[in-house]
Every structure is written in C-alpha cells, then in structure tokens.
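Reader: Could you walk me through one part of this protein up close? I'd like a single helix and whatever it helps to line, in one connected story.

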Amino acid sequence: MPQRSRCRRRRWLLLLAVVGSLLLLYAGRYRILVAAAHFLDVSEPPQATDYVMMLGGDEQVRPFVAAALVNAGLARKALVATIQLSGDELDGISAPEHEIIRAVLVHQGVPREAIVILNSECATTFDEARALADFLHAEPQSSVTVVTSSYHTRRTRLILRKTLGERFANVRLVGAPTDGFDATNWWHFEIGRRFYVNEYLKLAFYLVRY
C-alpha cells in the first residue's frame, strides 16, 4: 500500500475515534455532570456534636440547617464566625453577615445564649478553619458539625484537615442544599454553573498550592 494511502487511512481512523469519543461523551453527559457534582460532595449524615458551625456565604440556607440541628438536639450551641465586612456592610447600608446569621438562628428558635460569636475576622474558608482551630484549642475535647453547601464540602474537608490536624477527628461535615438547583440539574442554571465551575477551579488551586 502506498505511503500516502496509509497516512490517509490513519487520519480517517483517528478522526473516527475522535468523533466516536465525542458522541459517547455527549450520550453520557448527564451521568458525567451528575458524577462531577457528587465528587465535590463528601458530606456526612448528621450526628450529635457539642457545637454546630456554619461557614459564611449562602445565609439564606446554611443558618437554617444549623438551627435545625440545634433544635433537633444534634448540637448544644452554634458557632458563628465574624465575617469580614465588605460592600454595603462597610457603608452601613446592610448588617454584617454574622449578625444576619445570628438573627436567623434566634428567629428559628436557637436561644441567644446558645450562640457563640468567634472573634477572629474571617474572609476565607481558611480563616474560618483557623478561627475554629483557636476555639478548639480552648476546648480540645469538643466535637463540631460544620455546615456548608454540599458542593463546598470536599475542599472544606481538605482545609479543615490541614488546619486542625488531629482535632479534625472530632469534626463532621454536613452539606446544606442549594437554593433552586442541585447535583442533578446544576448545569441548567447560570448560578449553578458558576458555583460548580468556580469550586473546581478553587479545588485545583488548593491541590496545586498545598
């Protein structure tokens, strides 16, 4: 067979292989996208702990999950991180996020005396992990349930494990649902695409850096 014919044949075979792979990926896109979402979710079933701490962000959902755990007797007290002020909060137009979280907890039936505000100012998940580490340094035997969005639990687990060391053994992660989308349909919504794609980028950054 002439050299030119063999080269042409290899190119066609390569093209068919690429097209076939793309068709398989397209046919299985639903399972792939759902699996990608489930990979980020390493949350655990709730169990009784001494404290529940909700991470900053998504104050429309996470504080309600934390309050439900306290009201169900699965936590004695709630830990609230002091979130760094930004935007309208700095201008006094809106209340600081940690005050909003505390108000939601009280409104949901959590006693004020059962809410502990952590004084360290937090801007990132690492800051919140360090604030929790400082708290557990004073109460080393305490157990804590950390509440964050389900898609955020894998990276949170890595950060907590790195920051808390052996005290991570007393920490559990509970995933809060997202408002309006979930692991089975996140790619249909702009906010869902933004959250999941950003989380993968942040996870990749963490793995490269740490």
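Author: Here's a close look at helix α7 and the largest pocket, with a short stop at V70 to finish. Keep in mind that this is a predicted model.

Let's start with the helix itself. α7 runs over residues 190-209, and at 1.5 Å a residue its 20 residues should span 28 Å; the end C-alpha atoms are 28 Å apart, so the two agree.

Now for its sides. G192, Y196, E199, L203 and Y206 are the buried ones in α7. Look down the helix axis and these buried residues fall within an arc of 85 degrees, so they line one face of α7. Over on the other side, you'll find E190, L201, F205, V208 and R209 exposed.

On to the pocket. The largest one holds about 780 Å³ of space. It's lined by 31 residues, and those closest to its centre are G56, T125, H152, R155 and K202. Helix α7 gives the largest share of that lining, with 8 residues. α5 (125-138) and α6 (153-164) each chip in at least two residues as well. Sorted by class, the lining comes to 12 nonpolar, 9 polar and 10 charged residues.

Last stop: V70, which sits in helix α3 (residues 62-71). Its relative accessibility is 11%, and since buried means under 20%, V70 counts as buried. Leaving aside residues up to four places away in sequence, V70 touches V52, A75, R76 and V110. V70 and G109 are 39 residues apart in sequence, yet their C-alpha atoms are 8.9 Å apart in space.

Notes:
Residues are numbered from 1 along each chain as its sequence is written. This is a predicted model: local features need pLDDT of at least 70, side-chain atom pairs count only at pLDDT 80 or more; totals for chains, interfaces and linings use all residues. Side-chain values use heavy atoms; hydrogens and water are left out. Helices (H or I, at least four residues) and strands (E, at least two) are DSSP runs, numbered from the N terminus. Buried means under 20% relative accessible area, exposed over 50%, partly exposed in between (1.4 Å probe, protein chains only). Contact means heavy atoms within 4.5 Å. The expected span of a helix is 1.5 Å times one less than its number of residues. The arc is that of the directions from the helix axis to the C-beta atoms. On a 1 Å grid over the protein atoms alone, a cavity is a set of points where a 1.4 Å probe fits but cannot get out, and a pocket is an open set with protein on both sides within 12 Å along at least five of seven lines; lining residues have an atom within 4 Å of a point. Grid points are joined across faces, edges and corners, and a volume is the space filled by probe spheres set on the points. Ala, Val, Leu, Ile, Met, Phe, Trp, Tyr, Cys and Pro count as nonpolar, Asp, Glu, Lys and Arg as charged, and the others, Gly among them, as polar.
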